[in-house]
Structures are given as C-alpha cells and as structure tokens.
Amino acid sequence: MEAERLVATGRHALAESRTALDIVVEAWQAQVLAQAIGSHLVLCGPLELRSEARGLSEIGAGRGPTDHPSLRGGVPRAAQLTEVADERAALTALGALLGEVGIALVGVACATDEEGLYWQCIEAIDAADEAGDRVRGMLRRLTLRERGRPPDPARGRAGPRPGPR
C-alpha cells in the first residue's frame, strides 16, 4: 500500500480512538510506520534523504514499537507499505500524523493516574517528537533540492549559491 494512504489510515484510526489504550496503540502504529517509511527511503529514496531516513528508520529501535504488547498479536499496519510515490506528500502527511500522535499522548499522560501508562506515553511522545524532527529535516532537504541548492552537510542546510568567478 502507498505511504500516503497508510498515513491517512493511521490518522483516521487515531481520530477514532476512544480509550487511552487505543491512543497508545495508534501511537506505536504511527512510530512503526515512520520507521518503515524511513527504511523505504533509505533503499529507494533520493540520495540527499538517505541519512535522515536512516535515522528515522532507527528511532525507537530497541525500546519498543515493534515489541509493544499491543502489536504482538497482529501485524503492524506498516507491514503493508509497498511504495512512497511522492516523498514530499508522504513526509508532510507523516509529520502531521506524528504531531497529532504527540498531542493525543499528552492528553492521555495528563489524564492517567497509572504510572506505567504515563511513562509509556512519555516514551512515545519522545519517539514521535524525534521522528517529527527527522521528517522536517527531510522536507527541508527536498525544498533545497527543488531550489537547486545543494545542502551543506556540515550545517545540514543550504550553502551559499556559487557565484560567477
């Protein structure tokens, strides 16, 4: 399934979540989807995105999303990812999903008296925030590429335009 469609499915599922557990499950689904999109872009994306995409694919590794108890019984939605047809559109949608996940998790964390759930939310908020940073970085790189300005790898942004000599 195409990335934008999977992100839209995730946004809809998050909007339909009615319980704290549902929101946490959707947060981890979004994180696994971000990892999958990152992995796909490492293999098939533009060269200038691959470093940030690798970072996106590794966020949360070893601390949870694919090991989360809510995902153990089934296959994460991200397993259906087959392509990223439009990098900019997919990353923009993914960034919006990650932002919505963060907001929903803050609500759950503030409303719970259960310490374990609170810390799950904090961990998921951190992962969503870090993934969002990577997504914004890739979107900046795409913008620079479209403007014809190669990024300055030392600073992670566009360097000066070369002038005539």
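Q: What covers the buried residues of α3?
A: The cover includes α2, α5 and α6 (115-146). Cover here rests on contact, meaning heavy atoms within 4.5 Å. The model is predicted: local features need pLDDT of at least 70, side-chain atom pairs count only at pLDDT 80 or more, and totals for chains, interfaces and linings use all residues. Residues are numbered from 1 along each chain as its sequence is written, and side-chain values use heavy atoms, with hydrogens and water left out.

Q: Which residues of helix α3 are buried?
A: In α3 (residues 50-58) they are E52, A53, G55, L56 and S57. Buried means under 20% relative accessible area, exposed over 50%, and partly exposed in between, with a 1.4 Å probe and protein chains only. After α3 comes G60, with a positive phi near 85°.

Q: What makes a stretch count as a helix or a strand?
A: Both are DSSP runs: H or I over at least four residues for a helix, E over at least two for a strand, numbered from the N terminus. The chain has six helices and two strands. Their order from the N terminus is α-α-α-α-α-α-β-β.

Q: What share of the chain counts as buried?
A: The share is 46% of the 165 residues. Contacts reach far along the sequence too: of those with a separation of 6 or more, 75% join residues 24 or more positions apart.

Q: How is the packing of two helices described?
A: By the angle between their axes and the distance between the axes. The axes are lines fitted to C-alpha atoms, for helices over the stretch in contact, and angles run from 0 to 180 degrees between N-to-C directions.

Q: Why is α2 called roughly parallel or antiparallel to α5?
A: The axes of α2 (residues 20-44) and α5 (residues 87-111) cross at roughly 155° and come within 10 Å. That makes the two helices roughly antiparallel. The cut-offs are under 35 degrees for roughly parallel, over 145 for roughly antiparallel, 65 to 115 for roughly perpendicular, and oblique for the rest.

Q: What is the hand of the α2 and α5 crossing, and which residues make the contact?
A: The crossing is left-handed. The α2 side of the contact includes A20, I23, V24 and E26. The α5 side includes E87, L91, L94 and L97. Left-handed means that the near helix is turned anticlockwise from the far one by less than a right angle; clockwise would be right-handed.

Q: How do you know the relative direction of α5 and α6?
A: Their axes are 8 Å apart and the angle is about 155°. The pair is therefore roughly antiparallel. This crossing is left-handed.

Q: What makes α1 roughly parallel or antiparallel to α5?
A: The axes of α1 (residues 3-16) and α5 cross at roughly 20° and come within 9 Å. α1 and α5 are therefore roughly parallel. Their crossing is left-handed. Among the α1 residues in the contact are V7, G10 and R11. On α5 they include A89, A90 and A93.

Q: Why is G102 called buried or exposed?
A: G102 lies in α5. Its relative accessible area is 15%, so G102 is buried. C-alpha to C-alpha, G102 and C121 are 8.8 Å apart, with their positions 19 residues apart in sequence.

Q: What is E83 called, buried, exposed or partly exposed?
A: Its relative accessible area is 39%, so E83 is partly exposed. E83 sits in the loop between α4 (69-72) and α5. Leaving aside neighbours within four places in sequence, E83 contacts M1, E2, A3 and H40. The C-alpha atoms of E83 and L41 are 9.2 Å apart, and the two residues are 42 apart along the chain.

Q: How many disulfides does a search of the whole structure find?
A: Zero. C110 is in no disulfide, and its nearest cysteine sulfur, that of C121, is 9.3 Å away. A disulfide needs a pair of cysteine sulfur atoms within 2.5 Å.

Q: Why do C44 and C110 get their accessibility class?
A: C44 has 53% relative accessibility, so C44 counts as exposed. C110, at 67%, counts as exposed.

Q: What makes the Y118 and W119 pair stacked or edge-to-face?
A: The count comes to one aromatic pair. The ring centres of Y118 and W119 are 5.0 Å apart and the planes lie at 85°, so the pair is edge-to-face. Rings of Phe, Tyr and Trp (its six-membered ring) pair if their centres lie within 6.5 Å; planes under 30 degrees apart are stacked, over 60 edge-to-face, the rest tilted. Y118 is partly exposed at 31% relative accessibility, and W119 is partly exposed at 48%.
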